[in-house]
Amino acid sequence: MTTVTESEVLRDALGLLRDREQVAERLLESSAKHSFDPDKELDWDAPIEDGKWFWPPELLSLYDTPLWRKMSEDQRRELARHEAASLASLGIWFEIILMQLLVRHIYDKSLTSNHVRYALTEIADECRHSMMFARMIKKGGAPTYRVPKVYHNLARVLKTVSTTPGSFAATLLGEEILDWMQRLTFPDERIQSIVRGVTRIHVVEEARHVRYAREELRRQMVSAPRWERELTRISCGEAARVFATCFVSPQVYENVGLDRREAVAQVKASGHRREVMQSGAGRLTEFLDDIGVMNGVARRLWKSSGLLA
């Protein structure tokens with residue numbers, strides 16, 4: 001088997017891969033120009049606005065279901081408040097995992113390289129994002145929503161044993177679907193100003209994180225040994241299933257006065273919800289398909305997750 005070094009020219013189905021240091025240098029320049037301190041950037045003291053939503057109604061899990069049609073407008077807005085808190089809680093959980101995966105990634109790399117410097121910059125971004133999401137949850141007055149214990153503990157294993165390509169594939173899974181939803185949220189004048197501000201900051205800064213992860217995953221899928229590429233396909237497909245399962249906590253439905261089982265069943269049967277989730281994952285699944293992550297059993301796992309048609 002030929003060993004590929006970083007100095008060699010690498011190519012995949014999308015073309016030549018750019019030099020790792022040049023990519024990191026450009027991302028560092030962008031970070032210097034477009035980074036935010038949410039504590040100073042957002043008006044956390046402004047009151048919650050009457051009649052405004054915490055999340056776009058069309059992106060809510062129960063939208064256009066029989067239960068939705070029975071709910072009052074106030075109950076629908078209450079559902080939005082709790083779903084926004086559930087998504088923010090999921091985001092914090094995921095970003096804490098991501099920070100640990102990034103630290104593992106750079107542990108053996110050149111400490112003075114742009115690549116490592118940008119990874120540390122991204123970790124700093126994610127620290128601010130996690131604090132920002134937590135503050136948004138508290139501002140909205142909804143509870144935090146933990147993922148089920150089995151997945152919380154499985155993540156401990158992931159953080160310990162994940163390979164480099166697996167880490168970056170999981171990173172993109174967690175970032176790109178939420179990013180798609182947030183791009184629809186921050187320009188929407190129906191939404192609470194604090195939520196719009198939070199999602200705007202996250203979208204701007206996550207664009208760099210996605211670029212970093214995509215470039216590194218492309219590199220890894222070319223240079224990693226065959227067993228590692230195959231493991232990445234399987235682990236990414238399984239991560240898609242877990243992510244889809246945890247996207248909205250079923251406790252949300254109980255907390256807004258709905259029957260939990262009925263709500264979960266209607267979400268699973270909802271064609272609109274399926275379309276929303278697949279649209280959110282569409283750009284990612286196309287990219288993963290192009291670079292060979294969706295081959296074989298991985299495609300079946302993604303379809304079982306509901307994120308791929």
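**Exercise 1. Decide whether Arg76 is buried or exposed, and find what surrounds this residue.**

Step 1. Arg76 has a relative accessible area of 17%, so Arg76 counts as buried. The cut-offs are under 20% for buried, over 50% for exposed, and partly exposed in between, with a 1.4 Å probe and protein chains only.

Step 2. Before going on, note that this is a predicted model: local features need pLDDT of at least 70, side-chain atom pairs count only at pLDDT 80 or more, and totals for chains, interfaces and linings use all residues. Residues are numbered from 1 along each chain as its sequence is written, and side-chain values use heavy atoms, with hydrogens and water left out.

Step 3. Look for Arg76 in helix H4, residues 73-106. Helices are DSSP runs (H or I, at least four residues), numbered from the N terminus.

Step 4. Leave aside the neighbours within four places in sequence, and Arg76 is in contact with Trp53, Leu60, Trp68, Arg69 and Met71. Contact here means heavy atoms within 4.5 Å.

**Exercise 2. Place Glu78 and work out how far Glu78 is from Tyr118 in space.**

Step 1. Helix H4 also holds Glu78. With a relative accessible area of 26%, Glu78 is partly exposed.

Step 2. Glu78 and Tyr118 are 40 residues apart in sequence, and their C-alpha atoms are 39 Å apart in space.

**Exercise 3. Find which parts of the chain are joined by the salt bridges of Arg208 and Arg214.**

Step 1. The whole structure has 22 salt bridges. Each is a side-chain nitrogen of Lys or Arg within 4 Å of a carboxyl oxygen of Asp or Glu.

Step 2. Arg208 pairs with Asp125, with 3.6 Å between the closest N and O atoms. Because Arg208 lies in helix H8 and Asp125 in helix H5, the pair ties together parts that are 83 residues apart in sequence. Both Arg208 and Asp125 are buried. A network of salt bridges links these two with Arg128 and Glu205.

Step 3. Arg214 pairs with Glu176, the closest N and O atoms being 2.9 Å apart. Arg214 is in helix H8 and Glu176 in helix H7, and this pair links distant parts of the chain, 38 residues apart. Arg214 is buried at 14% relative accessibility, and Glu176 is buried at 5%.

**Exercise 4. Find how many residues separate Arg241 and Glu238.**

Step 1. These two form a salt bridge whose closest N and O atoms are 2.6 Å apart.

Step 2. Arg241 and Glu238 are three residues apart in helix H9 (residues 226-246), so about one helical turn separates them.

Step 3. Arg241 is partly exposed at 28% relative accessible area, and Glu238 is partly exposed at 32%.

**Exercise 5. Which element gives the most residues to the lining of the largest cavity?**

Step 1. There are four cavities of 30 Å³ or more. On a 1 Å grid over the protein atoms alone, a cavity is a set of points where a 1.4 Å probe fits but cannot get out, and lining residues have an atom within 4 Å of a point.

Step 2. The largest cavity holds about 100 Å³ of space, a volume being the space filled by probe spheres set on the grid points.

Step 3. The lining residues include Trp55, Phe133, Met136 and Gln182. Two or more lining residues come from each of H4, helix H5 (114-140), helix H7 (164-185) and helix H8 (193-223).

Step 4. H4 gives the most, with four residues.

Methods. On a 1 Å grid over the protein atoms alone, a cavity is a set of points where a 1.4 Å probe fits but cannot get out, and a pocket is an open set with protein on both sides within 12 Å along at least five of seven lines; lining residues have an atom within 4 Å of a point.
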